[in-house]
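Please look through the sequence and the structure shown below before reading on. The report that follows takes up charged pairs, backbone details and one strand with its neighbours.

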Amino acid sequence: MSTKVPADTPLRMEPPISPGAEPFWEATRECRLVLPWCLACERPFFYPREVCPLCLGTAIAWRPATGTGVVYSFTIENRPATAGFSMGKPYVVALVELDEGVRLMGNIVGCPPEKTEVGMPVSVTWEALSDGRHLPLFEPRREENAR
Amino acid sequence: MAGLRGAAAIVGVADEVSPTGELGSSGRALEAAVIKQALDDAGLTLADVDGVCHSASSMGLAEYLGIHPTFTDSTNTGGSSFEVHAEHAAAAIAAGLCEVVVSVYASTPRSDRRDGKPRRRPDLGVNNPLVDWELPYGLRLPMAPYAMAATRHMAEFGTTSEQLAQIAVSTRAWAGLNERARYRQAITIDDVLASPMECSPLHLLDCCLVTDGAGAFVMTSAARARTLAKPPVYVLGAGTCHDHSIISQMPDLTTTPGVISGANAFAMAGITPSDVDLLMGYDSFTITALLHLEDLGFCAKGEGGPFVEDGKTAPGGSLPMNTNGGGLSYTHPGMYGMFLIVEAVKQLRGECGERQLESPEIAVAHGSGIVLSCMSTLVLGTEATR
């Protein structure tokens, strides 16, 4: 399905920076994926917030993530959610389970939408946002990237 | 868990829908009109009402109606709001906080769109995880989260598009018996599969309608209910549970918090799934209804596909589901849970004409809100079940 989209239409709605997520977004300026870990529980959580959702602890450390995981589920969207998204072409919205055990949403890029599968190994890739941050997306993991 | 069993009863219901999908009024005027119908149905008047529930503004509603309630509830859990209102109202009546409670819903998205009125948009500010972590990926709401639940269910359990389509086919067969339904013409599995793919694996005919609609219920104590116009429909059990608000936080995309709301409501009522004569299970999408069948215990987890395959939820089947034609074919103004209650009550009172079940005694109204987020289960029964 093709949708006529003016050339200056932003492709994406860019995410705001909510309290508690500043270190996450700061790291994306260097295309680094970091996760908040609760020091009391010794567990990561997502999405980032000011307190640990397991124990309400506020001692939180930001640690690098492997950036690899598997597709937990997905959908191919044949009509864009917002006017400019994907310039009218079908795209994949997926939930990815990282090796660390947390789940986050992302688009699957770097392969035709219909090639996406539940359980498919993926690794993080980045798309530049207008303010120097980057948005994490995922692409099929190549053999040489697999751990 | 005896809880609220039999303490309160629904004594009046009404809904406003149209085969065109559009109604001639909206807003408070439509709410007031449907409240009047529900009160007339009960043989009560506005002066009797001392409790109000509204999914956005119980105070504004009471002011508009010129009443001074002693029980007020503006709970919004999306489409399950009205099951939650019924649960809260029954608790408030049982505790003596009030005696006659009204809950109402009116929404006119179809005529609003025709008239060019702006759609409600999510708040795009900070501290909204939906905006931070999901909307940047072009998540289409409300379909995409449900589509992801369906994808996962298919991958884990081998559920097929044909099995999901059967739910739409069976529900449409019920709509064929309801002259007030939006769509009544029979459809086949092939029709569903040939309809446009919206968010894979959900086709257009796996998705609910967008229509205008309004509804209301009136609840009072069991003692007062017996003095009124219609046979009381008792609240035998009620349960609510939510576990996430955005889909990326749902612990398991194939298991809803209906496992907990349903178990609690059934335990309070002292029933098992085999006692249920009618399931009104929120069908925003075919996958939504399939998950209810599993999570309420009508079949085991993962077996919803084979369970619906033989058409047992259709007219003449062993588990009638969504006898009004459901959100898939009757009406769906956005938060559909009110219509589950209205149909359950009418069936238990024997008022459903061509689609009337044979002497049903126990009906379950199971609401689902937001993105499989908040489930609320009501077990309703006739005098014989109290």
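## Salt bridges and a buried strand

Over all chains, the count of salt bridges comes to 27. These values, like the others in this report, come from a predicted model.

**Charged pairs**

Side chains of opposite charge can pair when their charged atoms come close. The table lists three such pairs, with the distance given for the N and O atoms of each.

| Salt bridge | N to O distance |
|---|---|
| Glu26(A) and Arg29(A) | 3.4 Å |
| Arg63(A) and Glu42(A) | 3.1 Å |
| Glu22(B) and Arg114(B) | 2.4 Å |

In the pair of Glu26(A) and Arg29(A), whose closest N and O atoms are 3.4 Å apart, both partners have some access to the surroundings: Glu26(A) is partly exposed, with a relative accessibility of 47%, and Arg29(A) is likewise partly exposed, with a relative accessible area of 35%.

Which parts of chain A are tied together by the salt bridge between Arg63(A) and Glu42(A)? Arg63(A) forms its salt bridge with Glu42(A) at 3.1 Å between the closest N and O atoms. Because Arg63(A) belongs to strand E3 (residues 60-64) of chain A, while Glu42(A) sits in the loop between E1 and E2 of chain A, the pair ties together parts that are 21 residues apart in sequence. Arg63(A) is partly exposed, its relative accessible area being 27%, and Glu42(A) also counts as partly exposed, at 42% relative accessibility.

In chain B, the side chains of Glu22(B) and Arg114(B) meet in a salt bridge with an N to O distance of 2.4 Å. Glu22(B) is found in the loop between strand E1 (8-16) and helix H1 (27-42) of chain B, and Arg114(B) lies in helix H4 (residues 109-114) of chain B, so this pair ties together parts that are 92 residues apart in sequence. Glu22(B) counts as partly exposed, with 26% relative accessibility. Elsewhere, Asp41(B), Lys230(B), Arg349(B) and Glu351(B) are joined into one network by salt bridges that share partners.

**Backbone details**

Glu42(A), already met as a salt-bridge partner of Arg63(A), has a phi near 55°, which is a positive value in a residue other than glycine. Its loop runs between strand E1 (34-38) and strand E2 (43-44) of chain A.

Asn322(B) is not a glycine either, and its phi is positive, at about 60°. Asn322(B) lies in the loop between helix H12 (304-309) and helix H13 (326-330) of chain B. Is Asn322(B) buried or exposed? With a relative accessible area of 0%, Asn322(B) is buried, whereas Glu42(A), at 42% relative accessibility, is partly exposed.

Chain B also contains cis peptide bonds before proline. The bond from Leu141(B) to Pro142(B) is cis, with omega near 5°, and Pro142(B) is placed in the loop between helix H5 (129-133) and helix H6 (143-157) of chain B. Another cis peptide bond, with omega about 5°, joins Ser200(B) and Pro201(B), and here the loop that holds Pro201(B) connects strand E5 (197-199) and strand E6 (202-203) of chain B.

**Strand E10 of chain B**

How many of the eight residues of strand E10 (residues 362-369) of chain B are buried? Eight of the eight are buried, and the strand is mostly covered. In a regular strand the side chains alternate between the two faces of the sheet. In E10(B), Ile362(B), Val364(B), His366(B) and Ser368(B) point one way, while Ala363(B), Ala365(B), Gly367(B) and Gly369(B) point the other way, and all of them are buried.

E10(B) pairs with strand E9 (residues 278-281) of chain B, to which it runs parallel, through four bridges; in this pairing, Leu278(B) stands opposite Ala363(B). With strand E11 (residues 374-381) of chain B, E10(B) pairs in the antiparallel sense over eight bridges, and there Ile362(B) has Gly381(B) as its bridge partner. E10(B) and E11(B) form a hairpin with four residues between them, and Ile370(B), in the turn, has a positive phi of about 65°.

**Chain A as a whole**

Chain A has one helix and eight strands, and the helix precedes the strands in the order of elements from the N terminus. Of its 147 residues, 48% count as buried. Chain A exposes about 7100 Å², of which carbon and sulfur atoms supply 54%.

Notes:
Residues numbered from 1 in each chain as written. Chains lettered and ligands numbered in written order. Predicted model: local features only at pLDDT ≥ 70, side-chain atom pairs only at ≥ 80, totals over all residues. Heavy atoms only, no water. Buried < 20%, exposed > 50% of the residue type's maximum accessible area, 1.4 Å probe, protein only. Helix = DSSP H or I, 4+ residues; strand = E, 2+ residues; numbered from the N terminus. Pairing = 2+ DSSP bridges. Salt bridge = Lys/Arg side-chain N within 4 Å of Asp/Glu carboxyl O. Areas by Shrake-Rupley, 256 points an atom, 1.4 Å probe, with all protein chains shown as cover.
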